[in-house]
Amino acid sequence: MPSSRLRLLLLVAVVRGAMRPGAVNNRFPDDFLFGAASASYQVEGGWDADGKGEGIWDRMFHEHPEFSRDGQNGDVADDSYHLYKEDVKLLKELGVNHYRFSISWPRIMPTGEANNINQPGIDYYNNLINELLDNGIQPMVTMYHWDLPQWLQDLGGWTNPIIVDYFEDYARVLYETYGDRVKWWSTFNEPKSFIMGYSRDDGLIAPSIKKPGVGDYLATHHLLIAHARAYHLYDEQYRAKQQGKVSIALNTDWHEPLTNSTEDIAAADRAMQFDFGLFAHPIFSTEGDYPPLLRERIDNNSKAEGRTRSRLPVFSKEMVEYIRGTYDFLGLNYYSTTLVTSGLTGDNPSRERDSGIIESVDPSWPTSPSSTWLKVVPWGLRKLITWIHQNYNAPTIVITENGYSDHGTLEDTERISYYKSHMTEVLKAMNEDGAHVIGYTAWSILDNLEWNSGYTERFGVCYVNISDPARPRTPKASFYYLKNVFQTHEIQDTTDGSR
Ligand code: GBH
């Protein structure tokens with residue numbers, strides 16, 4: 001082996017992060033990006049303020065207050081529409097590099113149409129972005145965190161292919177208006193979560209369309225094309241001038257085989273393909289398109305149901321190429337892990353049933369006191385990052401969400417342990433598995449409207465008193481813990497928050 005070649009390989013490995021000489025698992029690189037996140041419907045309030053249009057979550061909770069565990073909805077939420085300066089003050093105190101927030105489409109376009117602009121809505125985000133930049137914080141903007149204009153839903157929302165054109169118009173307005181200052185864009189937050197608005201039989205996710213195994217795949221198909229449109233639009237018309245990055249934020253639990261049987265290992269892989277590959281494979285894989293495993297299973301099931309075509313729509317060759325590679329980084333949201341075995345469950349038909357998996361959890365895993373689903377499994381995050389690294393061409397990853405819920409205590413020791421253990425696993429994925437993670441974003445800066453759980457489930461590093469119309473915010477112990485980590489880039493040993 002010529003030694004110059006070996007040296008070159010080593011250099012490449014080091015540069016790519018596959019080896020960090022001297023790296024320890026409690027220290028992040030100097031250029032690592034720390035941030036905190038929120039989403040428009042969950043924090044803004046002002047649901048009809050100053051010309052904002054109605055969103056699908058407004059409609060759902062107004063028609064079905066019983067869909068909320070505590071009767072709370074996004075009408076006022078944390079009132080960040082009026083209190084955004086307070087939020088920025090806290091973010092600055094926390095010492096973040098970036099604030100990940102989303103833009104409410106109906107706030108700036110009441111019907112979703114680009115010929116109908118609501119200037120006060122435009123101004124609100126200009127003010128927020130300028131306030132952030134004045135305080136040295138980079139805006140990281142999600143275009144769509146689930147609040148579709150109701151007007152577009154009346155046309156079928158994500159199940160109507162025309163949505164792709166409307167989304168492109170929306171993206172153009174965002175680049176035109178904010179792209180001089182916003183350098184980090186995500187098209188969508190968690191497609192896996194919001195396609196359930198077209199499938200769940202309890203109707204709890206807006207717009208409460210119950211068409212499992214059909215509506216969710218249709219929505220998937222169109223959001224993937226819409227994502228690619230927004231990406232290409234940036235590439236062709238804005239990138240040279242604005243020099244930003246565009247991507248998508250995907251979420252999944254890590255799925256661990258229940259046993260090490262061949263069957264369970266295959267089932268866990270299927271779970272990853274159905275939860276993550278469905279969205280990631282078309283964009284991040286070498287071949288593009290839906291995962292072959294999904295294509296086969298859904299096509300076969302569709303045939304067996306006597307259908308003339310698959311419930312999973314088909315991309316043309318050109319479309320596969322158009323979508324493939326439309327990313328500058330991968331946004332990853334992680335909260336928890338499940339154990340997986342093979343079996344049929346869910347409505348017939350449904351994505352759940354198509355996947356042929358049954359999930360469970362290990363009773364020994366710690367549970368969030370306020371959540372039905374959040375089990376604390378830090379090693380799942382490392383496995384997930386490394387699996388993505390190996391299966392999707394070692395993308396640059398930003399952890400766009402990670403966090404823990406409770407009932408809102410200020411002495412939130414469990415939240416500190418959660419952050420600590422998960423950040424440690426991120427470092428292991430980087431240092432020991434060579435994954436290219438460049439940022440970590442805590443969910444969430446504030447206790448906020450946790451969708452159907454209202455304020456019974458709180459994720460904030462700041463407490464929000466929702467009985468007080470002034471919505472005062474109070475930093476919790478975890479706020480000071482994160483502040484310390486963000487400042488020193490070192491994971492502190494303490495779990496009591498060092499003030
Ligand atoms: C993310 O969703 C969201 O991006 C964010 O808005 C949210 O506040 C945050 O995480 C915390 O939840 O009730 O048993 O049917 C996380 C993914 C998907 C987790 C739906 C809860 C419902 C489980 N979520 N899931 S269940």
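1. A good place to start in this predicted model is the salt bridge between Arg100 and Glu401, whose closest N and O atoms are 3.0 Å apart. A salt bridge here is a side-chain nitrogen of Lys or Arg within 4 Å of a carboxyl oxygen of Asp or Glu. Arg100 belongs to strand S2 (residues 98–102) and Glu401 to strand S10 (residues 397–401), so the pair ties together parts that are 301 residues apart in sequence. Helices (H or I, at least four residues) and strands (E, at least two) are DSSP runs, numbered from the N terminus. Both Arg100 and Glu401 are buried, where buried means under 20% relative accessible area, exposed over 50% and partly exposed in between (1.4 Å probe, protein chains only).

2. A word on conventions: residues are numbered from 1 along each chain as its sequence is written. Local features need pLDDT of at least 70 and side-chain atom pairs count only at pLDDT 80 or more, while totals for chains, interfaces and linings use all residues; side-chain values use heavy atoms, with hydrogens and water left out.

3. The structure holds 33 salt bridges, and two others deserve a look alongside the opening pair. Lys192 and Asp275 meet through their side chains at 3.8 Å, N to O. Lys192 sits in helix H9 (residues 191–194) and Asp275 in helix H11, so this pair links parts that are 83 residues apart in sequence. Both Lys192 and Asp275 are buried.

4. Arg172 and Glu168 also form a salt bridge, with the closest N and O atoms 3.8 Å apart. The two residues are 4 residues apart in helix H8 (residues 163–178), and are therefore separated by about one helical turn. Arg172 counts as partly exposed because its relative accessibility is 29%, whereas Glu168, at 17%, counts as buried.

5. Now to the barrel: 8 strands close up in the order S1-S2-S3-S4-S5-S7-S10-S11, with parallel pairing. Two strands pair if DSSP finds at least two bridges between them. From one strand to the next, the twist averages 25 degrees. Axes are lines fitted to C-alpha atoms, for helices over the stretch in contact, and angles run from 0 to 180 degrees between N-to-C directions.

6. Strand S5 (residues 245–251) is a nice one to follow within the barrel: 6 of its 7 residues are buried. On one pairing, strand S4 (residues 184–189) joins S5 in the parallel sense over 4 bridges, and Ser186 stands opposite Ser247. S5 also pairs in the parallel sense with strand S7 (residues 330–333), over 4 bridges, and there Leu250 faces Leu332.

7. Elsewhere in the barrel, S10 and strand S11 (residues 437–442) are joined in the parallel sense by 3 bridges, with Val398 opposite Gly439. H8 packs on this sheet, touching strand S3 (138–144), S4 and S5, and its direction makes about 165 degrees with that of S3. Helix H16 (residues 413–431) lies across strand S1 (33–37), S10 and S11, running at about 170 degrees to S11. Contact, for these packings, means heavy atoms within 4.5 Å.

8. Please do not overlook the open sheet, in which 3 strands run in the order S6-S8-S9 with mixed pairing. Its edge strands, each pairing on one side only, are strand S6 (254–257) and strand S9 (357–360). Neighbouring strands are turned by 40 degrees against each other on average, direction ignored. S6 runs parallel to strand S8 (residues 337–342) and is joined to S8 by 4 bridges; Trp254 stands opposite Thr337. Helix H11 (residues 262–284) packs on the sheet against S6, S8 and S9, its direction making about 120 degrees with that of S8. Helix H15 (residues 378–391) lies across S6 and S8, at about 100 degrees to S6.

9. Last, a helix pair: the axes of helix H4 (residues 80–94) and helix H17 (residues 477–488) come within 8 Å and cross at roughly 55 degrees. H4 and H17 are therefore oblique to each other; angles under 35 degrees count as roughly parallel, over 145 as roughly antiparallel, 65 to 115 as roughly perpendicular and the rest as oblique. Leu90, Glu93 and Leu94 of H4 make the contact with Phe479, Tyr480, Leu482, Lys483 and Phe486 of H17. These contact residues divide into 6 nonpolar, no polar and 2 charged, counting Ala, Val, Leu, Ile, Met, Phe, Trp, Tyr, Cys and Pro as nonpolar, Asp, Glu, Lys and Arg as charged, and the others, Gly among them, as polar.
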